[in-house]
Amino acid sequence: MRTEISARKVKGEFLHQVEELSGQSVWACYQCGCCSSGCPIAEEMDLLPNQVIRYVQLGMEEELLASKTIWLCVSCFQCFARCPRGIDISKIMDALRQMAMAGGVDRFGPGEIPSAELARAPQQALVTVVRKLGA
Ligand code: SF4
Ligand code: SF4
């Protein structure tokens with residue numbers, strides 16, 4: 001995929017939408033990498049959590065919405081706990097998934113999940129919802 005970075009994209013509409021949906025200040029990130037070094041899913045990701053933030057800063061919408069990383073984040077909050085700038089990346093991942101789905105992308109349908117994974121899914125899904133909603 002050819003990547004184009006321009007002044008129009010940086011701090012553009014995409015960044016504003018992500019900040020509005022997530023409630024996070026994306027430009028507060030100074031790329032220390034503490035989030036990525038603690039992420040338990042990092043090895044499976046095609047973009048590390050700090051790279052996701054950088055891509056949002058640069059307005060690289062197409063690349064982000066096509067990445068598998070946004071569908072792999074399990075909202076464990078490890079990155080949030082480690083971030084010196086108080087950025088909750090799980091909320092940014094949520095915003096990006098929401099934007100991808102609004103564009104017609106839905107990475108995993110229930111029928112495509114291997115049964116062994118599905119057996120483990122409810123517990124993980126429940127923990128994720130409880131953590132996110134503070135229930
Ligand atoms: S830990 Fe926070 S400041 Fe550091 S790279 Fe990750 S999001 Fe940015
Ligand atoms: S919330 Fe997502 S990005 Fe952050 S450490 Fe957990 S899995 Fe990784």
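Serine 75 turns up in the loop between helix 5 (69-72) and helix 6, helices here being DSSP runs of H or I with at least four residues, and strands runs of E with at least two, numbered from the N terminus. The model is a predicted one: local features need pLDDT of at least 70, side-chain atom pairs count only at pLDDT 80 or more, and totals for chains, interfaces and linings use all residues. Residues are numbered from 1 along each chain as its sequence is written, chains are lettered from A and ligands numbered from 1 in the order in which they are written, and side-chain values use heavy atoms, with hydrogens and water left out.

Serine 75 has a relative accessible area of 1%, so it is buried (under 20% is buried, over 50% exposed, and in between partly exposed, with a 1.4 Å probe and protein chains only). Its backbone is a bit of an oddity too: phi is positive, at about 55 degrees, although serine 75 is not a glycine. Most residues other than glycine have a negative phi. Phenylalanine 77 lies in the loop between helix 5 and helix 6 as well, and again phi is positive without a glycine, this time at about 70 degrees.

Phenylalanine 77 also leads on to ligand 2, being one of the closest residues in a shell of 13, together with Cys39, Cys73, Cys76 and Cys79. Here a residue belongs to the surroundings if one of its heavy atoms lies within 4 Å of the ligand. The shell splits into 10 nonpolar residues, 3 polar and no charged, where Ala, Val, Leu, Ile, Met, Phe, Trp, Tyr, Cys and Pro count as nonpolar, Asp, Glu, Lys and Arg as charged, and the others, Gly among them, as polar. Helix 6 (78-82) and helix 7 each put at least two residues into the shell around ligand 2. The space that ligand 2 takes is the largest cavity. A cavity is a set of points, on a 1 Å grid over the protein atoms alone, where a 1.4 Å probe fits but cannot get out; a molecule sits in one if more than half of its atoms lie within 2 Å of its grid points.

Cysteine 76, one of the closest residues to ligand 2, has its C-alpha 8.5 Å from that of proline 40, 36 residues away in sequence. Proline 40 belongs to the loop between helix 2 and helix 3 (49-57), and its 56% relative accessibility is why it counts as exposed.

Ligand 1 sits in the second largest cavity. Around ligand 1 there are 13 residues, of which Cys29, Cys32, Gly33, Cys35 and Cys83 come nearest. By class, the shell of ligand 1 holds 9 nonpolar, 3 polar and 1 charged residues. Cysteine 32 is in the loop between helix 1 and helix 2 and, at 41% relative accessibility, counts as partly exposed. From cysteine 32 to cysteine 83 the C-alpha distance is 8.5 Å, with their positions 51 residues apart in sequence.

The loop between helix 1 and helix 2 (34-38) also houses glutamine 24, which counts as buried at 12% relative accessibility. Its side chain gets to the backbone nitrogen of aspartate 88 at 2.8 Å, a polar contact (a pair of N or O atoms within 3.5 Å; within protein, one must be able to donate a hydrogen and the other to accept it, and residues adjacent in sequence count only if both atoms are side-chain atoms).

Helix 7 (residues 89-102) is home to arginine 97, which counts as buried at 14% relative accessibility. The arginine 97 side chain reaches the backbone oxygen of isoleucine 70 at 2.7 Å. Isoleucine 92 is in helix 7 too and is buried, at 0% relative accessibility. The C-alpha atoms of isoleucine 92 and isoleucine 70 are 8.8 Å apart, with the two residues 22 apart along the chain.

In helix 1 (residues 13-22), the buried residues are Phe14, Leu15, Val18 and Ser22. Seen down the helix axis, these fall within an arc of 100 degrees, so they line one face of helix 1; the arc is that of the directions from the axis to the C-beta atoms. Exposed Glu13 and Glu20 are carried on the face turned away from the buried side.

As for the chain overall, there are 8 helices and 0 strands, and 39% of its 135 residues count as buried.

Conventions
1 Å grid on protein atoms, 1.4 Å probe; cavity = no way out; pocket = protein on both sides within 12 Å on 5 of 7 lines; lining within 4 Å.
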